[in-house]
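User: I should like to go through the reasoning behind several labels assigned to this model. Please set each value against its criterion.

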Amino acid sequence: MTKLFISDLHLNPAKPELTALVCQFLQQQADAVSEIYILGDIFNTWLGDDLVPAEFSDFTDTLRSLTKAGINLYLMVGNRDFMLGKAFADAVNATLIKDGFELDLAETPTLLLHGDSLCIDDVS
């Protein structure tokens, strides 16, 4: 079972070339992976699941095609897309996971984090 981990894509409607590149990359991985984890900041800004910009339709279609092919997709929200919720996850057949998700990775207990919770000593 091969797992793919991605974070901080920061997809933005103003940068369609980035969205296209991500879609291409994910499609190239389809035969090699059984699980994909996207660990936060998928989108640079997310105003809510009911306001999905049309510019992301190729991305959502790609995610849907991966899950229809049998790949398990897991999504974690980050500080930039904290409004991402169950409606979006359901639309792409994904499972939402919380920051601090525990996973057995090669028989090693592994903690998945977006990482912003570790920035406790940041100075303004």
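User: Which residues does Thr-19 touch, not counting residues up to four places away in sequence?

Analyst: In this predicted model, Thr-19 touches Leu-11, Asn-12, Glu-55, Phe-56 and Phe-59 once residues up to four places away in sequence are set aside. Thr-19 itself belongs to helix α1, which spans residues 16–29.

User: Why is Thr-19 called buried?

Analyst: The relative accessible area of Thr-19 is 4%. Buried means under 20%, and therefore Thr-19, at 4%, is classed as buried.

User: What makes Lys-3 and Glu-35 a salt bridge?

Analyst: The criterion asks for a side-chain nitrogen of Lys or Arg within 4 Å of a carboxyl oxygen of Asp or Glu. For Lys-3 and Glu-35 the N to O distance is 3.5 Å, so the pair satisfies the criterion. Lys-3 lies in strand β1 (residues 3–6) and Glu-35 in strand β2 (residues 35–39), so this salt bridge ties together parts that are 32 residues apart in sequence.

User: Are Lys-3 and Glu-35 buried or exposed, and how do you know?

Analyst: Glu-35 has a relative accessible area of 8%, which is under 20%, so Glu-35 is buried. Lys-3 has 22%; this lies between the 20% and 50% limits, so Lys-3 is partly exposed.

User: How do you know that Arg-64 and Asp-61 form a salt bridge, and where do they lie?

Analyst: Their side chains meet at 2.8 Å, N to O, and the limit is 4 Å, so the pair qualifies. Arg-64 and Asp-61 lie in helix α2 (residues 57–68); being three residues apart, they are separated by about one helical turn. Arg-64, at 26%, is partly exposed, and Asp-61, at 41%, is also partly exposed.

User: Why are Lys-86 and Asp-90 given separate accessibility labels?

Analyst: Exposed requires over 50%. Lys-86 has a relative accessible area of 57%, so Lys-86 is exposed. Asp-90 stands at 42%, between the two limits, and therefore counts as partly exposed. The two residues form a salt bridge, with the closest N and O atoms 3.1 Å apart. Both lie in helix α3 (residues 86–91), four residues apart, about one turn of the helix.

User: How many salt bridges does this rule give?

Analyst: The count comes to three salt bridges.

Terms used: Residues numbered from 1 in each chain as written. Predicted model: local features only at pLDDT ≥ 70, side-chain atom pairs only at ≥ 80, totals over all residues. Heavy atoms only, no water. Helix = DSSP H or I, 4+ residues; strand = E, 2+ residues; numbered from the N terminus. Buried < 20%, exposed > 50% of the residue type's maximum accessible area, 1.4 Å probe, protein only. Contact = heavy atoms within 4.5 Å.
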